[in-house]
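Me: I would like to go through this structure step by step. Let's use short questions and short answers.

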Amino acid sequence: MSRLSRRTFLAASAALVAAPAVHVEAATVDVDVAIIGAGAAGIAAARRIAAAKRSYRLIEASARVGGRCAVDTKTFGVPFDLGAHWIHNPDSNPLVAAAPKNGLDIYAAPRAQGLRVGPRRARDSELESFLAAQVRAQRAIVDAGKAKADMPAQRALPKDLGPWQPAIEFMFGPYALGKDLSGVSAFDLARAVDRDGDAFCRQGYGGLLARLAGDVTVQLSNPVSMVSWVAGQGVTVETAKGDLYARTVILTVSTNVLASDAIEFIPPLPKRQLDAAGKLSLGSLNHIALEMPGNPLGLQRDDIVFEQASGARTAALLANIGGTDLHVVEVGGAFGRELAAKGEAAMVDFATEWVSNAFGAEAKRAIKRSHATRWDADPLALGAISSAAPGASDARKILAEPLGGRVFFAGEALHETQWGTVNGAWDSGTRAADAVLRRLGGAKEDGEQKPARRKSKSSRPRRNSQ
Ligand SMILES: Cc1cc2nc3c(=O)[nH]c(=O)nc-3n(C[C@H](O)[C@H](O)[C@H](O)COP(=O)(O)OP(=O)(O)OC[C@H]3O[C@@H](n4cnc5c(N)ncnc54)[C@H](O)[C@@H]3O)c2cc1C
């Protein structure tokens, strides 16, 4: 796709989502740090750099902040998180700690799970047996993390989970990671930290992140097309609104975007880094939102429901989100990717059939409006969550290696234990900013000069001729 048509597409798709109140400014100044991407990692990095009084430019391709953690309040008139929704480990989550006390309502997520067996609610004994199977699966993955050699996480699972095997495989794979467990490293999965409870934000996790972005200046609708750096000379960042000259750059785009040719690197990214990005590819995870007024499924606020699946063609339901009429059917993995490729109508058809099978045919008539996310097709994400391929659990460390003390990487994929989460992305952005600050000699003292503009274009890193 040509750059022009890509940008035209971005401008059109971005208009669908409400733009948050952020400071917007014009391009082309010299700065200490150029930060590419205003998702959780980029916002965290910008806040850290700003706190150290270093100059920065946070550059975002789309017309909104948040990346894979953004809220849409227009489609249904209530907050609908397009990506991340579960606030993991709220007691230690840095976004919760930084969140403004006014205007955001953060509350604990229910710990209980619902389970459907065909069209009926599971009996207590069935639910107990399902929960026991989850505990056995979790232990098996932890044990696989202590083995001598890595293996696909699916091989690590017990094979005698009986009628719950497909549901457990869905829960630990497509639902949690967007990938089937056969394509996920058991070592990497075992390293993912235990989740100590979850919370929700009534204004959406995306609403919370957008509030945190309000403290920094973001340049929106400005895709970066080229990063050119020379050790000892700084970095040129080519954007739609002109070139920017920075001492250092922090790149936070997803691994799939990094591995695509959307951003040209001069010199090209080392093969080692590109291979690492390829081994940390994003899985497919999407929300199919159904507006069902009057609680026709008879569920509680924020109830999560699984089914006794018979194969990979399954889903989970998050009901009455935040006490609203919004229900979300979650699809992921290879099945979810195929479904998403068929388009929104096919996704809504599947969700309608799934809800009808689990709750009765009348549920279908209760659906008013619907909408499905398609992260795989979003050119600024190209997928949902990064997980390491079997044998590639060291790829996160490799991808995190800075280039020539100039180009630093951040994002969910770089966090060794909290990958695939907003809090992991945030931590990674903060760490990259700290590394940059060390490189720059620490926080700026009052009165210290801004880097001087280069005298002539010939002295800055240039695009290769080939
Ligand atoms: C459907 C779904 C459900 C999820 N559920 C949860 C959950 O419940 N809880 C949880 O903690 N996590 C969840 N996640 C994962 C979480 O959303 C991500 O881990 C996190 O948001 C990633 O943040 P990031 O900053 O690393 O990357 P991103 O959010 O992808 O940010 C990168 C930014 O770079 C921008 N960009 C891309 N290309 C360019 C360019 N050329 N120039 C300039 N900017 C560019 C993008 O537009 C984007 O804003 C979910 C993700 C998805 C998709």
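Me: Which strand is joined to β6 by 3 bridges?

Reply: This is a predicted model. In it, β6 and its partner run antiparallel. The partner covers residues 198–201, and 3 bridges link the pair. The strand is β9.

Me: Which residue of β9 stands opposite Ile106?

Reply: β6 spans residues 106–108, so Ile106 belongs to β6. Across from Ile106, in β9, stands Cys201.

Me: Which strands stand at the edges of the sheet with the order β5-β9-β6?

Reply: The sheet is open and has 3 strands with antiparallel pairing. An edge strand here has a single partner, so one side of it is left without a neighbour in the sheet. The edge strands are β5 (87–88) and β6 (106–108).

Me: What is the strand order in the open sheet of 7 strands?

Reply: The pairing in this sheet is mixed. Its edge strands, β8 (120–121) and β19 (370–372), each pair on one side only. Reading across, the order is β8-β7-β16-β17-β18-β15-β19.

Me: Which residue in β17 is the bridge partner of Ile304?

Reply: β16 (residues 304–307) and β17 (residues 316–318) run antiparallel. 2 bridges join them. In β17, the partner of Ile304 is Leu318.

Me: Which residues come nearest to the ligand?

Reply: There are 36 residues around the ligand. By class, this shell has 21 nonpolar, 12 polar and 3 charged residues. The nearest are Glu60, Arg68, Trp86, Glu412 and Val422.

Me: How many Å separate a polar side-chain atom of Glu60 from an oxygen atom of the ligand?

Reply: Glu60 is among the residues that come nearest to the ligand. A polar contact needs N or O atoms within 3.5 Å. The Glu60 pair lies at 2.6 Å.

Me: Which residue has a polar backbone atom 3.2 Å from a nitrogen atom of the ligand?

Reply: Two contacts involve a ligand nitrogen atom here. In one, an N or O atom in the side chain of His88 lies 3.3 Å away. In the other, at 3.2 Å, the backbone atom belongs to Ala61.

Me: How much of the ligand's accessible area does the protein cover?

Reply: On its own, the ligand has 1000 Å² of accessible area. Elements giving two or more residues to the shell around it are α2 (40–51), β15 (285–291) and α15 (422–440). The protein covers 97% of that area.

Me: Why does the ligand lie between domain 1 and domain 2?

Reply: Domain 1 comprises 3–69 + 207–279 + 391–459. Domain 2 comprises 112–196 + 283–377. The ligand lies between them because residues of the shell come from both domain 1 and domain 2.

Me: What is the omega of the peptide bond that joins Ile266 and Pro267?

Reply: Most peptide bonds are trans. The bond joining Ile266 and Pro267 is cis. Pro267 sits in the loop between β14 (264–266) and α10 (271–279). The omega is about -5°.

Me: Is Asn320 buried or exposed?

Reply: Asn320 lies in the loop between β17 and β18 (326–332). Its phi is positive, near 45°. Buried means under 20% relative accessible area. At 8% relative accessibility, Asn320 counts as buried.

Me: What does Lys53 count as at 47% relative accessibility?

Reply: Lys53 is in the loop between α2 and β2 (56–59). Lys53 is not a glycine, yet its phi is positive, about 60°. The class in between runs from the 20% bound of buried to the 50% bound of exposed. At 47%, Lys53 therefore counts as partly exposed.

Key:
Residues are numbered from 1 along each chain as its sequence is written. This is a predicted model: local features need pLDDT of at least 70, side-chain atom pairs count only at pLDDT 80 or more; totals for chains, interfaces and linings use all residues. Side-chain values use heavy atoms; hydrogens and water are left out. A residue is near a molecule or strand if one of its heavy atoms lies within 4 Å of it. A polar contact is a pair of N or O atoms within 3.5 Å; within protein, one must be able to donate a hydrogen and the other to accept it, and residues adjacent in sequence count only if both atoms are side-chain atoms. Accessible areas come from the Shrake-Rupley method with a 1.4 Å probe; for residues, only the protein chains shown count as cover. Helices (H or I, at least four residues) and strands (E, at least two) are DSSP runs, numbered from the N terminus. Ala, Val, Leu, Ile, Met, Phe, Trp, Tyr, Cys and Pro count as nonpolar, Asp, Glu, Lys and Arg as charged, and the others, Gly among them, as polar. Domain bounds come from an automatic or database domain assignment. Two strands pair if DSSP finds at least two bridges between them. Buried means under 20% relative accessible area, exposed over 50%, partly exposed in between (1.4 Å probe, protein chains only).
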